[in-house]
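This report examines selected local features of one protein model. It treats a loop serine, a helix and its surroundings, and the internal and open voids.

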Amino acid sequence: MKSSTLKIATPLFLLCLSGTTFAETFTLTSKDIAHGDFMESAQEFKGFGCNGDNLSPQLAWQNVPKGTEAFALTVYDPDAPTGSGWWHWQVVNIPKSVSSLASGAGSAEKNAMPKGSVQITNDYGFKGFGGACPPEGHGAHRYQFTLHALSQNLELPENASGALAGYMINAYSLDSATIEALYKR
């Protein structure tokens with residue numbers, strides 16, 4: 001191979017390799033919450049002794065994995081003193097054309113989720129976002145907002161449990177992105 005051809009071929013070869021090395025990561029962001037930071041009272045539940053606004057945070061995502069047909073969103077508190085954590089919000093079948101949810105989209109009363117989305121009954125007992133409400137003096141709890149890119153829409157029974165929804169989400173998840181926010185009372 002001629003020296004001039006080698007000088008051109010080597011950088012092109014390295015550039016091709018770097019495309020797989022530096023693939024963009026599926027990410028979840030929010031204007032209302034941040035990874036490792038405490039949430040505001042806007043995301044605190046209203047009820048069970050809590051007096052927040054029970055407002056689901058704004059969420060946005062990018063760099064969706066190839067083959068994504070839908071999204072699922074879960075909000076889970078692994079620190080709840082239940083022996084099994086606490087499901088604050090589970091949504092499946094968010095259309096693949098959607099790349100964000102507005103603040104308050106998880107309201108059980110307003111029906112503001114994108115058409116086709118299905119909210120699962122949370123551990124408070126209703127379909128929608130149920131904000132943070134850790135026991136007073138229990139310390140900081142972690143709230144894991146996780147978005148899954150799914151390979152297909154999920155078929156779940158009308159009153160699917162959080163465990164069944166979680167099982168199906170994990171079975172069809174291509175990738176996930178998480179913001180872990182904190183809250184304490």
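In this predicted model, the side chain of Ser 107 reaches the backbone nitrogen of Lys 110 at 3.2 Å. The side chain of Ser 107 also reaches the backbone nitrogen of Glu 109, likewise at 3.2 Å. Ser 107 belongs to the loop that runs between strand S7 (100-101) and strand S8 (118-119). Its relative accessible area is 16%, and the residue is therefore classed as buried, the cut-off being under 20%.

Helix H2 spans residues 162-171, and its buried residues are Gly 162, Ala 165, Gly 166, Met 168 and Ile 169. Viewed down the axis of H2, these buried residues fall within an arc of 165 degrees, so they line one face of the helix. On the face turned away from this buried side, H2 carries the exposed residues Ala 163, Tyr 167 and Asn 170. The cover over the buried residues of H2 includes four strands: S5 (70-77), S6 (86-95), S9 (141-150) and S10 (173-183).

The voids are considered next. The count of cavities of 30 Å³ or more comes to 1. The largest cavity is lined by Met 39, Gln 43, Val 75, His 88, Phe 129, Gly 130, Gly 131, Ala 132, Tyr 143 and Phe 145. No charged residues occur in this lining.

The largest pocket is lined by 13 residues. Those nearest its centre are Ala 80, Trp 86, Cys 133, Pro 134 and Pro 135. Strands S6 and S9 are the elements that give two or more residues to the lining of this pocket. Both S6 and S9 are also among the strands that cover the buried residues of H2.

The volumes and the lining classes of the two voids are set out below.

| Void | Volume | Nonpolar lining residues | Polar lining residues | Charged lining residues |
|---|---|---|---|---|
| Largest cavity | about 30 Å³ | 6 residues | 4 residues | no residues |
| Largest pocket | about 160 Å³ | 9 residues | 3 residues | 1 residue |

In summary, Ser 107 is a buried residue whose side chain reaches the backbone nitrogen of Glu 109 and that of Lys 110. Helix H2 has a buried face and, turned away from its buried side, a face with exposed residues.

Key. Residues numbered from 1 in each chain as written. Predicted model: local features only at pLDDT ≥ 70, side-chain atom pairs only at ≥ 80, totals over all residues. Heavy atoms only, no water. Buried < 20%, exposed > 50% of the residue type's maximum accessible area, 1.4 Å probe, protein only. Arc of directions from axis to C-beta. Contact = heavy atoms within 4.5 Å. 1 Å grid on protein atoms, 1.4 Å probe; cavity = no way out; pocket = protein on both sides within 12 Å on 5 of 7 lines; lining within 4 Å. Points joined across faces, edges and corners; volume = space filled by probe spheres on them. Nonpolar A, V, L, I, M, F, W, Y, C, P; charged D, E, K, R; others polar. Polar contact = N/O pair within 3.5 Å; in protein donor to acceptor, adjacent residues only side chain to side chain.
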